[in-house]
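Please look through the sequence and the model shown here, and then work through the questions that follow, each with a reasoned answer.

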Amino acid sequence: MRYRNLGRSGVKVASICLGTMQFGWTATEEQAQEVLDAYVEAGGNFIDTADVYSRWAENNPGGVSEDIIGRWMKDRGVREQIVLATKVRGTMGPGPNDVGLSRRHIMDAVQASLRRLQVDYIDLYQAHSDDPEVHLEETLEAFDRLVRRGDVRYVGASNYPAWRLMKALCISRERGLAAYVSLQPPYSLANREFDKELLPLCVEEGVGVIPYSPLAAGFLTGKYRRDEPVPDSARAGGIQERYFNERGWRTVDAVAAIAGELGVTMAQVALAWLLQRPSVVSPIIGANSVEQLRDLLGADDVPLSAEQVQRLDEASA
Ligand SMILES: NC(=O)c1ccc[n+]([C@@H]2O[C@H](COP(=O)([O-])OP(=O)(O)OC[C@H]3O[C@@H](n4cnc5c(N)ncnc54)[C@H](OP(=O)(O)O)[C@@H]3O)[C@@H](O)[C@H]2O)c1
């Protein structure tokens, strides 16, 4: 496992981050524990969750992924070796203040996350998405207070439009507040929206990018193929809607061809492409099993040639 600085911050994170949205949704607690054990055994130190995971799943009130990670860290005694990232913003209750990026909700939500995770501090606390109903000043001042108080070590953003991220960075700079060190956008060979405005911004400002859905929810793994039956997966509906089009299939064909040439899996090729993109620090993978995890961790060693990168760039453009 390689380690890289998270943007301009001094903290070192593994080049593959373990996402945990699956835990309590498409992976049971037992499977989650196996995946967490295997990730740490392989040298992984970077775990991403969110307070809201996975409220959309049946019988899941939210907070379940944080609960599972908290129990696991306590049981294994590994908290100090983990760089722990979570998020705030999603709906956590029926009230008007149980959601969003107000000072009021952030101050409550961080306490709830610390309790579920059974920790004294969170390494990376992220705004899950922009909240257009709250002034950025209010959000950033609340985050800054958490950093000064020691509840949080660094702050990051997710799903921000470029102009809002740039504005947030300027406000932090002008007022001497803790600034976002990272951005978590959706980014993969199947979704390159990030390239347009956010990529140059992140390079210029030294924001560390931790892309989510790096396999397009599984579309780039080889189990979705042109003219073949759609696999049985909770993710299949969204995938069909978003990626079943000519550009999507052209990209899958290119990934498959290069995987064949290198004797590696398609998922490894898709992750290796992301790992060589400017500003990308650590793609956030989502594994339901140790088998899926081991496959994905192999991406760090895939030697894509310049010619192969160009073919992937062109197919997915
Ligand atoms: N900030 C945000 O708004 C946001 C949004 C989404 C996700 N995230 C974070 O990013 C993480 C990853 O997102 P994601 O789950 O969409 O990522 P992804 O890597 O694009 O997709 C993961 C899915 O791909 C399939 N898969 C994984 N490894 C595989 C393998 N080796 N072979 C075949 N199929 C494989 C699994 O689907 P099957 O169920 O079909 O096996 C798995 O659920 C999440 O856990 C979460 O931490 C953040």
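Q: How do the residues of the shell around the ligand divide into nonpolar, polar and charged?
A: This is a predicted model, in which local features need pLDDT of at least 70 and side-chain atom pairs count only at pLDDT 80 or more, while totals for chains, interfaces and linings use all residues. Residues are numbered from 1 along each chain as its sequence is written. Ala, Val, Leu, Ile, Met, Phe, Trp, Tyr, Cys and Pro count as nonpolar, Asp, Glu, Lys and Arg as charged, and the others, Gly among them, as polar. On that basis the shell divides into 12 nonpolar, 15 polar and four charged residues.

Q: Which helix and which strand each supply at least two residues of the shell around the ligand?
A: A residue belongs near the ligand if its C-beta atom, placed from the backbone, lies within 6 Å of it, and 31 residues surround the ligand in this way. Helices (H or I, at least four residues) and strands (E, at least two) are DSSP runs, numbered from the N terminus. The elements that each supply at least two residues of the shell are helix 10 (290-297) and strand 10 (284-286).

Q: Why do the buried residues of helix 4 line one face of the helix?
A: A residue is buried if 20 or more other C-beta atoms lie within 10 Å of its own, exposed if 12 or fewer, and partly exposed in between, with C-beta atoms placed from the backbone. In helix 4 the buried residues are Leu136, Thr139, Leu140, Ala142, Phe143 and Leu146. Seen down the axis of helix 4 (taking the directions from the axis to the C-beta atoms), these residues line one face because they fall within an arc of 160°.

Q: Which exposed residues does the face of helix 4 turned away from its buried side carry?
A: The buried residues of helix 4 pack against helix 3 (103-117), strand 6 (122-127), strand 7 (152-158) and helix 5 (162-175), where contact requires C-beta atoms, placed from the backbone, to lie within 7 Å. On the face turned away from that buried side, the exposed residues are Arg148 and Arg149.

Q: Is leucine 101 buried or exposed?
A: Leucine 101 is placed in the loop between strand 5 (83-88) and helix 3. Its C-alpha atom is separated by 8.7 Å from that of leucine 136, although the two are 35 residues apart along the chain. Because leucine 101 has 25 C-beta neighbours inside 10 Å, it counts as buried.

Technical notes
Contact = placed C-beta atoms within 7 Å.
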